[in-house]
Amino acid sequence: MVAYRATIDNLDAALIHLLAERFRCTRQVGWLKADLHLPPSDPAREEQQVARLRALAEEAGLDPVFAEKFFAFIVAEVIRHHEAIRDGVVKGRPDDPRA
């Protein structure tokens, strides 16, 4: 039981680090969208991603409904960040990786 819990703890830590990295990247996208006056969300892209992630979930033996709900939760947070960037709520733009 202890070994399983240690593995679960390690996986939880990895998930947190992966999410942090994903949000660092989407934050950069938010700045780019604000610069280009693009909307915070991209429904067509999100629809493509849902289909792709549902298929990946099925291949991995994960409930595709859960995968879609998890993705929707993440996308909602990303959109919230993009809106905050667009609205000037977020200050101190990080270095632009394109530079």
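The radius of gyration used here is taken over C-alpha atoms, and the globule rule it is set against is 2.2 Å times the number of residues to the power 0.38. With that in hand, welcome to a tour of this predicted model.

**View 1. The whole chain, set against a compact globule.** For 99 residues, a compact globule would have a radius of gyration near 13 Å, whereas this chain comes out at 16 Å. Along the principal axes, its C-alpha atoms fill a box of roughly 50 × 30 × 25 Å.

**View 2. The helices in order.** Here you can follow 3 helices and 0 strands. Walking along the sequence, you meet the pattern α-α-α. Helix α1 covers 2–35 and α2 covers 43–60, with a loop between them.

**View 3. Inside and outside.** Buried residues make up 19% of the 99 in the chain. About 7500 Å² of the chain is exposed, and 63% of that area is supplied by carbon and sulfur atoms. As for contacts between residues at least 6 apart in sequence, 69% of them join residues at least 24 apart.

**View 4. A nonpolar patch on the surface.** Zooming in, we find L32, L36 and L38 forming this patch. Together, the three leucines have about 250 Å² of accessible area.

**View 5. L36 up close.** Our last stop is L36, in the loop between α1 and α2. Is this residue buried or exposed? L36 counts as exposed because its relative accessible area is 51%, and exposed means over 50%. L36 also belongs to the nonpolar patch of View 4, alongside L32 and L38.

Methods
Residues numbered from 1 in each chain as written. Predicted model: local features only at pLDDT ≥ 70, side-chain atom pairs only at ≥ 80, totals over all residues. Heavy atoms only, no water. Patch = residues over 30% accessible without salt bridge, like charges linked within 9 Å, V, L, I, M, F, W, Y side chains within 5 Å. Areas by Shrake-Rupley, 256 points an atom, 1.4 Å probe, with all protein chains shown as cover. Salt bridge = Lys/Arg side-chain N within 4 Å of Asp/Glu carboxyl O. Helix = DSSP H or I, 4+ residues; strand = E, 2+ residues; numbered from the N terminus. Buried < 20%, exposed > 50% of the residue type's maximum accessible area, 1.4 Å probe, protein only. Contact = heavy atoms within 4.5 Å.
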